[in-house]
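Open the model in your viewer and get ready to pick out pieces one at a time. Each stop says what to select and what you'll find there.

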Amino acid sequence: MSGAEAAPATVTAARSAPVAAEPGPLREIWFRLRARPSAVVGLVIVLALVGMAVFADWIAPYDPSATNWGAVRTAPSLAHPFGTDEVGRDLLSRIIHGARASLAAGLTSVALAVTLGLPLGLLAGYAGGVIDGAIMRLTDALLAIPFLILAIALAAFLGPSLTNAMVAIGLSATSIFVRLSRAQVQAITAEEFIEAARAVGNPPWRIALRHILPNIVPAILVQATLTIAAAIIAEASLSFLGLGQQPPAPSWGSMLNVAKNFLDQAPWMAIWPGVSIFLAVLSFNLLGDGLRDALDPRQRN
Amino acid sequence: MSAPGTTKLLEVRDLAVAFETRGGMIHAVNGVSYALETGETLGIVGESGSGKSVHVLAMLGLIPKPPGRIARGEVVFQGRDLLALPDKALRKVRGGEIGFVFQDPMSSLNPAMTVAAQIVEPLRIHLGLAGAAARRRARELLDLVRIPDAGSRLDQYPHEFSGGQRQRVMIAIAIACKPKLLIADEATTALDVTIQAEIIALVRELKREIGMAIIWITHDLGVVAGIADTVQVMYAGRILERGPVDDIFSDPRSAYTLGLLRSLPDLGVRDVRRLRLQPIEGTPPDMRLPPAGDPFAPRNRYATPRCFLEAPPLSQAPGAAPGHLVAAWYDLPGQLARERPTP
Amino acid sequence: MLSFLARRIAIAVPTLVLASMIIFALQQLLPGDTATALSGEERDPEVIAFIREKYHLDRPLPVRYLLWAKGVLQGDLGESIRLQKPVIDLVAEKLPVTLQLACLAMVIALVIGVPMGIVSAVRQGTTADYVANGIALWGLSIPNFWLGIMMILFFSVYLGWLPASGYVPPSESLIDNLKAMIMPAFVLGNAIAAVMMRHTRAAMLQVLQSDYVRTARAKGVSPLGVILRHCLRNAAVPIITLGALEFGQLLSGAVLTEQIFSVPGFGKLMVDAVFNRDYATVQGVVICTATTYIVLNLMADVAYFLVNPKLRRS
């Protein structure tokens, strides 16, 4: 009796769902994210960093590349809150501008990795068979070379520059997304609604794009956020080694590289860039952990 | 079946257990009181969420705390309140004086330890047995639970045993220290029907040999009929009815018990069998907001207005056998008589 | 056992072959004439001719790969143009240093990470759990080269307790060796400790919720006994498997750590080679790293197999 009443209601709901302006999933994620203080802290720092990078020209008190031989390695003061470096450049301004390299590297390389990895993973998971085998062996091989070592090798052969570092990091991170999207596709393909979509005669590409892709977006989003954190460290590492951002353009990693030669005379040169990297990485990690909890309650412990 | 003794082995008084969750406090057990005699077999029946398993786990300190919490009550076992015992003393009771058999024999044994190691564990902890003596006893126990070729199977791992055999191993572990009480929590639910019957027969035999009392928890009234002296029906964390097994089957006084009996296909109970086989309509109450009245009232077609307002106490059912208790404001036999057309 | 191993090796071999192809293909990324680029700083026509000959640059790409792979299999990783030495000798010289560093770091990671993971799982939701998770997050987010710099600043520059650099081989003086290695090993182990903590916590949480742990408690086993006898053994399986995967992270981290503390290992060899445009050495280091990584994973599979009785018997 209750079943007979419920049935039409369900049908109506199903029919009207796509028509509604879809406030559903995104808002839901936002509400769940908001309930987690650590995720909110992460998001706030991320936004602050993005703001810093975008408005660097207006915020920074000095030109980040302007040398001042009269104020070489001066300790933090009112004029230079973070102090100056070995050629008298204002560290605060360089830190603010350095956010650009870090964020650009984090975002671009992960975007590259997703753009390459997601279609390959979809293909492997959906096509199966020989194609799957070939793609998987290739990612296995890529994963066999540790992330940073591969990135260093690529940067070495491509030549040192920020762009090449981003390409190297992006390529090195691709296999993560191939694996993840493949596993997700396989899990979702097994579910009944895909079976149903196939039964009513949807072509494979349509099933992949309309039915499978939307369902794996949350997992990809979480992994992408966490990978941005790893990519920021990787960019800083490459720049620290001299394989990323080339001087005199500011980058937190290359600032540390210089700073380590002046540890005993100007320790502040080493402190601020490190704190910045730490905060950037921490914020993306917090945001990623928070997103994971908000998107997939099953994984929470 | 051995006659129930006369001394109280276990007395549960007003036990209440709650779980703190994100969605609010879940009141899983709400004031359960009963007693168990030495050597008695008590069958506790109820659906999942009735509190039947939670309350026995709670009395032995086996629910995770937090989120679990014992809100009130006493559990007196052989003169001591288990809930007031320090951890160490309670551990001596667990596995020593009270043996436990769980539902899923597939996951209840440690996959990384040999069967011998798992049987020896309680022997070492409670009886101080070690080495060859412990091993000899482990072998005897496997013989006792009728595992063929016990000697060669001691050093095997659980995955090398079938489901029924694993449950036999679990029973061997539970009775290793000759407990006064064996608690079987849905011990045959995960097994095939034929193996179920074998396990029940085995437990009956062991009971005769060891003379322990048994609390047999199940959702299946049919299983209870084959083993229990007394049956206790639980619903929404309360006892709705309790009495000698034959009386419960022939003269149920709670509408919920009646519903359970009606959902049994073939049972030698003439009185209720004539009634149509039917499932119980509706769903159990949300245990975050336990109802003020009789928890079964919303699903009970015989419910009176009072049932919704006030929880009925568990008391002697009028006109029933002594010791047959029911918690109901309505008069089930009267209602049934009125419903049935007079011949 | 044998069929299990055979299957694992059957997967590892094509992986290694493909990895070698990728590493070989790196050469193709070089701008301009390969031989000229490979010659690095040298512009000596004789050297360029030698390289052209050595790498069979006049042959088609697949043939070049096969010849190169054949050489690698025979232990010929090429010549370091810069150092005038076979790459294999360089690697053999530096590898033990990195391995010592990596092993010390792994020990530190396990000693810190595993107990922390156990405590935070057993005390889930308590202050101890939050503190442990906070430390893990810190460990994951702090760039290890910066941690290294800060440690040098504090322990070497400020306190003067430990040398900032200056590697001493253990054969010379074990004490001085450890003094020089303790900071790099800690820096390197720090991030892995955080990962191990998370793995251990997740594995322990899962095991703690299992039915057999409830059985053990119902038997009267003490809380410590439950953790040591029943949980750790089962949690060890995922910890070992995931721990082995972290070894790659360890090798990546070693590159930076060695750079900061001037430890003459594998990573330093690679970075120096990158700057000297000593491409053969870079390739050699990468291929050794990949091989080490694949072999370690194979070993982890075997370990997994050994602690898992279900696999061992059937």
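In which hand does α5(A) pass α8(A), left or right? Keep in mind that you're looking at a predicted model, then select residues 91-127 of chain A for α5 and residues 162-189 of chain A for α8. Their crossing is right-handed. The two helices pack at an angle of about 35°, and their axes are 5 Å apart. Colour this contact by residue class and you get 23 nonpolar, eleven polar and two charged residues.

**Next stop: α10 and α11 of chain A**

Stay in chain A and select residues 204-241, which make up α10, plus residues 252-259, which make up α11. Here the axes sit 7 Å apart and the packing angle is about 40°. That angle makes α10(A) oblique to α11(A). This crossing, too, is right-handed.

To see who meets whom, show side chains for A:E235, A:A236, A:S237, A:L238, A:S239 and A:F240 on the α10(A) side. Across from them, on α11(A), are A:W252, A:G253, A:S254, A:L256 and A:N257. Sorted by class, the residues of this contact come out as five nonpolar, five polar and one charged.

Now keep just α11(A) selected. Is this helix mostly covered or mostly open? It's mostly covered, with seven of its eight residues buried. The buried ones are A:W252, A:G253, A:S254, A:M255, A:L256, A:N257 and A:A259. What lies over them? The cover includes α5, α10 and α12 (268-295) of chain A, along with α7 (144-158) of chain C. That last helix takes you across to another chain.

**Crossing over: chains A and C**

Turn on chain C as a whole. Of the two pairs of chains that touch, A and C have the most contacts. On the chain C side 41 residues take part, facing 36 residues of chain A. Elements of chain C that give two or more residues to this side are α1 (2-25), α6 (127-141), α7, α8 (174-208), α10 (223-261), α11 (266-275) and α12 (279-307). Highlight α10(C) in particular: it gives eight residues, the largest share of that side. Class colouring pays off here, with 34 nonpolar, seven polar and no charged residues on the side of chain C that touches chain A.

**Over to chain B**

Show chain B next. How far apart are the nearest C-alpha atoms of chain A and chain B? They are 10 Å apart, and the two chains do not touch. Chain B does meet chain C, where 25 residues of B are in contact with 19 of C. Select α2 (87-93), α3 (105-108) and α4 (115-127) of chain B, since each supplies at least two residues of that side. The largest share, four residues, comes from α4(B). The side of chain B that touches chain C holds twelve nonpolar, seven polar and six charged residues.

**Last stop: the sheet in chain B**

Switch to cartoon and find the open sheet of eight strands in chain B, ordered β6-β7-β8-β3-β9-β10-β12-β11, with mixed pairing. The edges are β6 (98-101) and β11 (315-316), each with a single partner strand, so one side of each has no neighbour in the sheet. Zoom in on β11(B) and its partner β12 (residues 325-326) of chain B: the two run antiparallel, joined by two bridges. Finish by clicking B:S315, which stands opposite B:V326 in β12(B).

Note on methods
Residues numbered from 1 in each chain as written. Chains lettered and ligands numbered in written order. Predicted model: local features only at pLDDT ≥ 70, side-chain atom pairs only at ≥ 80, totals over all residues. Axes fitted to C-alpha atoms, helices over the stretch in contact; angles between N-to-C directions. Parallel < 35°, antiparallel > 145°, perpendicular 65-115°, else oblique. Left-handed = near helix turned anticlockwise from the far one by under 90°. Contact = placed C-beta atoms within 7 Å. Nonpolar A, V, L, I, M, F, W, Y, C, P; charged D, E, K, R; others polar. Pairing = 2+ DSSP bridges. Buried ≥ 20, exposed ≤ 12 C-beta atoms within 10 Å, placed from the backbone.
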